[in-house]
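Subject: The model I promised

Hi,

Here is the structure I said I would send over. Have a look at it first, and then read on for what turned up when I went through it.

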Amino acid sequence: MSVLRAAISIDVSSVAPAGCSRLAVNLIARDPRDWSEPRTLVVCFPGGGISTGYFDLPVPGYSLGQYLAEQGYVVALVDHPGVGASDEPDDAWTLNPATIADIEVHAVRTLVDRLHAGVDPDLPPIRVGTLVGLGHSAGALLVIHQQSRHSLYDFIALLGWAGKGLPDVLTPELLEVAIDPDPEFERATAAAKQFFGEPLVQLQGQGMPMTEHAVAPQVAQAMEAAGSRLLSIVGFCTLLPGFASRATARIARS
(Lines give C-alpha, C1' and ligand atoms only; values in the text may rest on other atoms or scores of the structure.)
Protein backbone atom coordinates (compact mmCIF):
# COMPACT_ATOMS: atom_id res chain seq x y z
CA MET A 1 0.00 0.00 0.00
CA SER A 2 1.44 3.36 -1.01
CA VAL A 3 1.92 6.18 1.45
CA LEU A 4 2.61 9.87 0.98
CA ARG A 5 5.39 11.79 2.67
CA ALA A 6 5.69 15.54 3.15
CA ALA A 7 8.43 17.53 4.88
CA ILE A 8 7.23 20.78 6.47
CA SER A 9 8.41 23.23 9.11
CA ILE A 10 6.44 24.70 11.99
CA ASP A 11 7.04 28.26 13.21
CA VAL A 12 7.84 28.20 16.94
CA SER A 13 9.55 31.60 17.18
CA SER A 14 6.84 32.98 19.49
CA VAL A 15 7.59 30.42 22.23
CA ALA A 16 11.17 29.21 21.63
CA PRO A 17 14.47 30.75 22.78
CA ALA A 18 16.17 33.16 20.39
CA GLY A 19 17.57 31.51 17.28
CA CYS A 20 15.07 28.67 17.24
CA SER A 21 12.44 29.69 14.72
CA ARG A 22 11.16 26.40 13.35
CA LEU A 23 10.83 22.71 14.02
CA ALA A 24 11.13 20.18 11.21
CA VAL A 25 8.23 17.77 10.81
CA ASN A 26 7.91 14.82 8.44
CA LEU A 27 4.35 13.75 7.67
CA ILE A 28 3.44 10.24 6.55
CA ALA A 29 -0.09 9.27 5.51
CA ARG A 30 -1.81 6.65 3.44
CA ASP A 31 -2.66 7.65 -0.12
CA PRO A 32 -5.99 9.43 0.54
CA ARG A 33 -9.21 7.62 -0.23
CA ASP A 34 -12.02 8.61 2.09
CA TRP A 35 -10.85 11.60 4.11
CA SER A 36 -14.32 12.67 5.20
CA GLU A 37 -13.93 11.16 8.68
CA PRO A 38 -11.58 12.56 11.35
CA ARG A 39 -8.20 10.84 11.48
CA THR A 40 -6.02 9.79 14.37
CA LEU A 41 -2.78 11.77 14.40
CA VAL A 42 0.23 10.05 15.98
CA VAL A 43 3.00 12.54 16.82
CA CYS A 44 6.38 10.84 17.30
CA PHE A 45 9.39 12.21 19.20
CA PRO A 46 12.78 10.44 18.97
CA GLY A 47 15.13 9.51 21.79
CA GLY A 48 18.52 10.87 22.70
CA GLY A 49 21.18 11.19 20.03
CA ILE A 50 18.91 10.38 17.11
CA SER A 51 16.61 12.20 14.70
CA THR A 52 13.14 11.33 13.46
CA GLY A 53 14.78 9.11 10.86
CA TYR A 54 14.68 6.50 13.63
CA PHE A 55 10.93 6.16 13.02
CA ASP A 56 11.24 5.89 9.23
CA LEU A 57 14.28 3.76 8.45
CA PRO A 58 14.69 3.17 4.68
CA VAL A 59 14.78 -0.60 5.16
CA PRO A 60 11.73 -2.74 4.28
CA GLY A 61 9.82 -3.61 7.44
CA TYR A 62 11.69 -1.13 9.66
CA SER A 63 9.61 2.04 9.34
CA LEU A 64 7.20 2.55 12.21
CA GLY A 65 5.89 5.65 10.45
CA GLN A 66 5.04 3.77 7.28
CA TYR A 67 3.46 0.90 9.22
CA LEU A 68 1.19 3.24 11.17
CA ALA A 69 0.26 5.14 8.01
CA GLU A 70 -0.67 1.89 6.28
CA GLN A 71 -3.09 1.21 9.14
CA GLY A 72 -4.85 4.50 8.42
CA TYR A 73 -3.16 6.81 10.92
CA VAL A 74 -1.65 10.16 10.02
CA VAL A 75 1.91 10.25 11.40
CA ALA A 76 3.99 13.32 12.27
CA LEU A 77 7.67 12.84 13.06
CA VAL A 78 9.03 15.85 14.97
CA ASP A 79 12.70 16.72 15.38
CA HIS A 80 13.42 18.32 18.76
CA PRO A 81 14.97 21.80 18.85
CA GLY A 82 18.67 21.51 18.06
CA VAL A 83 18.19 17.99 16.66
CA GLY A 84 17.96 16.76 13.09
CA ALA A 85 16.63 19.42 10.74
CA SER A 86 15.13 21.66 13.45
CA ASP A 87 16.66 24.99 14.45
CA GLU A 88 19.17 25.29 17.29
CA PRO A 89 18.70 28.23 19.69
CA ASP A 90 21.51 30.70 20.24
CA ASP A 91 21.93 29.32 23.76
CA ALA A 92 21.29 25.57 23.66
CA TRP A 93 21.61 25.36 27.44
CA THR A 94 18.07 26.77 27.52
CA LEU A 95 16.79 23.44 26.19
CA ASN A 96 15.55 21.80 29.37
CA PRO A 97 12.56 19.41 29.37
CA ALA A 98 10.02 22.09 30.33
CA THR A 99 11.16 24.54 27.64
CA ILE A 100 11.24 21.84 24.96
CA ALA A 101 7.82 20.54 26.03
CA ASP A 102 6.29 24.00 25.66
CA ILE A 103 7.87 24.48 22.23
CA GLU A 104 6.70 21.10 21.01
CA VAL A 105 3.16 21.48 22.32
CA HIS A 106 2.93 24.76 20.42
CA ALA A 107 4.23 22.98 17.31
CA VAL A 108 1.69 20.16 17.60
CA ARG A 109 -1.22 22.56 18.05
CA THR A 110 -0.06 24.59 15.05
CA LEU A 111 0.32 21.39 13.02
CA VAL A 112 -3.26 20.33 13.80
CA ASP A 113 -4.55 23.70 12.59
CA ARG A 114 -2.47 23.46 9.43
CA LEU A 115 -3.69 19.94 8.72
CA HIS A 116 -7.26 21.17 8.96
CA ALA A 117 -6.49 23.88 6.40
CA GLY A 118 -4.51 21.62 4.03
CA VAL A 119 -0.83 21.52 4.89
CA ASP A 120 0.58 20.14 1.61
CA PRO A 121 -0.56 19.98 -2.04
CA ASP A 122 -0.35 16.17 -1.96
CA LEU A 123 -2.58 15.88 1.11
CA PRO A 124 -6.19 17.01 1.32
CA PRO A 125 -7.33 18.83 4.46
CA ILE A 126 -7.28 16.43 7.39
CA ARG A 127 -9.55 16.70 10.39
CA VAL A 128 -7.79 15.37 13.46
CA GLY A 129 -9.99 13.37 15.78
CA THR A 130 -7.80 11.51 18.25
CA LEU A 131 -4.36 12.87 19.11
CA VAL A 132 -1.61 10.49 20.28
CA GLY A 133 1.80 11.51 21.63
CA LEU A 134 4.47 8.85 21.14
CA GLY A 135 7.98 9.16 22.51
CA HIS A 136 10.93 6.82 22.55
CA SER A 137 13.38 6.88 25.49
CA ALA A 138 14.34 10.55 26.02
CA GLY A 139 11.45 11.41 23.69
CA ALA A 140 9.17 9.64 26.15
CA LEU A 141 10.45 11.90 28.94
CA LEU A 142 9.53 14.92 26.82
CA VAL A 143 6.06 13.54 26.04
CA ILE A 144 5.53 13.11 29.79
CA HIS A 145 6.37 16.77 30.34
CA GLN A 146 4.22 17.85 27.40
CA GLN A 147 1.23 16.03 28.82
CA SER A 148 1.80 17.01 32.44
CA ARG A 149 2.10 20.70 31.55
CA HIS A 150 -0.58 20.97 28.86
CA SER A 151 -2.85 17.85 28.79
CA LEU A 152 -2.50 17.90 25.02
CA TYR A 153 -3.00 14.28 24.00
CA ASP A 154 -5.90 11.86 24.18
CA PHE A 155 -3.40 9.03 24.62
CA ILE A 156 0.34 8.78 25.13
CA ALA A 157 2.70 5.92 24.22
CA LEU A 158 6.02 5.73 26.07
CA LEU A 159 8.43 3.37 24.31
CA GLY A 160 11.72 2.24 25.83
CA TRP A 161 10.88 4.08 29.04
CA ALA A 162 10.70 2.76 32.61
CA GLY A 163 11.77 5.84 34.58
CA LYS A 164 14.47 3.90 36.41
CA GLY A 165 17.38 5.84 34.93
CA LEU A 166 20.96 4.59 34.86
CA PRO A 167 22.24 5.39 38.35
CA ASP A 168 25.34 3.23 37.93
CA VAL A 169 26.89 5.75 35.53
CA LEU A 170 26.48 8.70 37.92
CA THR A 171 28.52 9.82 40.92
CA PRO A 172 26.76 10.17 44.30
CA GLU A 173 26.97 13.95 43.86
CA LEU A 174 25.14 13.85 40.55
CA LEU A 175 22.59 11.36 41.87
CA GLU A 176 21.55 13.92 44.47
CA VAL A 177 19.84 15.84 41.68
CA ALA A 178 17.26 13.05 41.48
CA ILE A 179 16.37 13.41 45.15
CA ASP A 180 15.06 16.96 44.90
CA PRO A 181 14.34 17.87 41.26
CA ASP A 182 13.57 21.55 40.79
CA PRO A 183 10.84 22.70 38.38
CA GLU A 184 13.18 25.16 36.65
CA PHE A 185 15.82 22.45 36.02
CA GLU A 186 18.58 24.65 37.40
CA ARG A 187 20.29 21.80 39.27
CA ALA A 188 19.85 19.42 36.35
CA THR A 189 21.34 21.98 33.97
CA ALA A 190 24.37 22.50 36.21
CA ALA A 191 24.83 18.75 36.55
CA ALA A 192 24.49 18.24 32.78
CA LYS A 193 27.19 20.85 32.22
CA GLN A 194 29.44 18.89 34.55
CA PHE A 195 28.56 15.51 33.03
CA PHE A 196 28.52 16.36 29.30
CA GLY A 197 30.33 19.69 29.03
CA GLU A 198 28.31 20.80 26.00
CA PRO A 199 24.58 21.46 25.54
CA LEU A 200 24.40 19.36 22.36
CA VAL A 201 26.61 16.30 22.16
CA GLN A 202 27.29 14.72 18.78
CA LEU A 203 26.85 10.96 19.02
CA GLN A 204 26.66 10.20 15.32
CA GLY A 205 29.61 8.16 14.10
CA GLN A 206 30.08 6.25 17.34
CA GLY A 207 28.69 3.08 15.81
CA MET A 208 25.44 2.72 17.78
CA PRO A 209 27.02 -0.13 19.79
CA MET A 210 23.71 -1.41 21.16
CA THR A 211 22.46 -2.22 17.65
CA GLU A 212 25.59 -3.37 15.87
CA HIS A 213 25.27 -7.02 16.84
CA ALA A 214 21.50 -7.18 17.41
CA VAL A 215 20.17 -6.28 13.94
CA ALA A 216 21.03 -6.79 10.30
CA PRO A 217 23.91 -4.64 8.98
CA GLN A 218 21.63 -2.55 6.74
CA VAL A 219 19.45 -1.70 9.74
CA ALA A 220 22.48 -0.71 11.81
CA GLN A 221 23.66 1.49 8.93
CA ALA A 222 20.25 3.14 8.69
CA MET A 223 20.27 3.77 12.43
CA GLU A 224 23.73 5.30 12.11
CA ALA A 225 22.50 7.62 9.36
CA ALA A 226 19.57 8.70 11.56
CA GLY A 227 21.94 9.70 14.37
CA SER A 228 21.98 13.30 15.58
CA ARG A 229 22.98 15.36 18.58
CA LEU A 230 21.99 14.55 22.14
CA LEU A 231 20.16 17.21 24.14
CA SER A 232 22.43 17.19 27.17
CA ILE A 233 19.98 18.31 29.86
CA VAL A 234 17.29 15.93 28.64
CA GLY A 235 19.80 13.12 28.31
CA PHE A 236 21.08 13.73 31.83
CA CYS A 237 17.54 13.74 33.24
CA THR A 238 16.89 10.32 31.70
CA LEU A 239 19.80 8.96 33.74
CA LEU A 240 18.22 10.02 37.04
CA PRO A 241 16.00 7.36 38.65
CA GLY A 242 12.45 8.59 39.18
CA PHE A 243 13.20 12.08 37.89
CA ALA A 244 9.91 12.27 35.94
CA SER A 245 7.77 10.77 38.72
CA ARG A 246 6.19 14.09 39.72
CA ALA A 247 5.28 14.95 36.14
CA THR A 248 3.90 11.44 35.65
CA ALA A 249 1.81 11.78 38.80
CA ARG A 250 0.29 15.02 37.49
CA ILE A 251 -0.82 13.15 34.36
CA ALA A 252 -2.38 10.40 36.46
CA ARG A 253 -4.40 12.98 38.42
CA SER A 254 -5.62 14.89 35.37
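Let's start with the empty space inside. Counting those of 30 Å³ or more, there is one cavity, and the largest cavity holds about 70 Å³ of space. Fifteen residues would be a lot to list, so here is the core of it: of the 15 that line the largest cavity, Gly47, Gly48, His80, Ala138 and Leu231 come closest to its centre. Keep in mind throughout that this is a predicted model.

Which elements supply at least two residues each to that lining? They are α3 (138–150), β8 (229–231) and α8 (232–239). By class, the lining of the largest cavity comes out as eight nonpolar residues, six polar and one charged.

Next, the open spaces. The second largest pocket has a volume of about 220 Å³. Its lining is made by His145, Arg149, Pro181, Asp182, Pro183, Phe185, Phe243, Ala244, Arg246, Ala247 and Arg250. Two or more of those residues come from each of α3 and α9 (245–253), and α9 gives the most, with three. Sorted by class, this pocket lining has six nonpolar residues, one polar and four charged.

Two of the pocket residues come up again below, namely Arg149 and Phe185.

Now the salt bridges. The structure holds four of them, and I'll go through three here.

- Aspartate 87 pairs with arginine 22, with 3.5 Å between the closest N and O atoms. Aspartate 87 sits in the loop between β4 (74–78) and α2 (97–117) and arginine 22 in strand β2 (residues 22–30), so this pair links distant parts of the chain, 65 residues apart. How do the two ends compare for exposure, buried or partly exposed? Aspartate 87 has a relative accessibility of 17%, which is under 20%, so it counts as buried. Arginine 22, at 33%, counts as partly exposed.

- Arginine 229 and glutamate 88 form another salt bridge, their closest N and O atoms being 3.0 Å apart. Because arginine 229 is in strand β8 and glutamate 88 is in the loop between β4 and α2, the pair ties together parts that are 141 residues apart in sequence. Arginine 229 has a relative accessible area of 24% and is partly exposed; glutamate 88, at 36%, is partly exposed too.

- Aspartate 102 and arginine 149 meet through their side chains at 2.9 Å, N to O. Here aspartate 102 lies in helix α2 and arginine 149 in helix α3, so the bridge ties together parts that are 47 residues apart in sequence. Aspartate 102 is partly exposed at 24% relative accessible area, and arginine 149 is partly exposed at 41%. Arginine 149 is also one of the residues lining the second largest pocket.

On the outside, Leu166, Val169 and Phe195 make a nonpolar surface patch of about 250 Å². Valine 169 belongs to the loop between β6 (155–159) and α4 (172–179). Why can valine 169 be counted in a patch that asks for over 30% relative accessible area? Because its relative accessible area is 45%, which makes valine 169 partly exposed.

Glycine 165 is found in the loop between β6 and α4 as well. With a relative accessibility of 24%, glycine 165 counts as partly exposed. Glycine 165 and alanine 24 are 141 residues apart in sequence, and their C-alpha atoms are 28 Å apart in space.

Last, a couple of backbone angles to check when you have the model open. Most residues other than glycine have a negative phi. Serine 137 has a positive one, near 55 degrees. Serine 137 lies in the loop between β5 (128–136) and α3, and at 27% relative accessibility it counts as partly exposed.

Phenylalanine 185 also has a positive phi, near 60 degrees. This residue lies in the loop between α4 and α5 (186–196). Is phenylalanine 185 buried or exposed? Its relative accessibility is 4%, so phenylalanine 185 counts as buried, and it is one of the residues that line the second largest pocket.

Cheers

Notes: Residues are numbered from 1 along each chain as its sequence is written. This is a predicted model: local features need pLDDT of at least 70, side-chain atom pairs count only at pLDDT 80 or more; totals for chains, interfaces and linings use all residues. Side-chain values use heavy atoms; hydrogens and water are left out. On a 1 Å grid over the protein atoms alone, a cavity is a set of points where a 1.4 Å probe fits but cannot get out, and a pocket is an open set with protein on both sides within 12 Å along at least five of seven lines; lining residues have an atom within 4 Å of a point. Grid points are joined across faces, edges and corners, and a volume is the space filled by probe spheres set on the points. Helices (H or I, at least four residues) and strands (E, at least two) are DSSP runs, numbered from the N terminus. Ala, Val, Leu, Ile, Met, Phe, Trp, Tyr, Cys and Pro count as nonpolar, Asp, Glu, Lys and Arg as charged, and the others, Gly among them, as polar. Patches are made of residues with over 30% relative accessible area and no salt bridge: like charges are joined within 9 Å, nonpolar side chains (Val, Leu, Ile, Met, Phe, Trp, Tyr) within 5 Å. Accessible areas come from the Shrake-Rupley method with a 1.4 Å probe; for residues, only the protein chains shown count as cover. A salt bridge is a side-chain nitrogen of Lys or Arg within 4 Å of a carboxyl oxygen of Asp or Glu. Buried means under 20% relative accessible area, exposed over 50%, partly exposed in between (1.4 Å probe, protein chains only).
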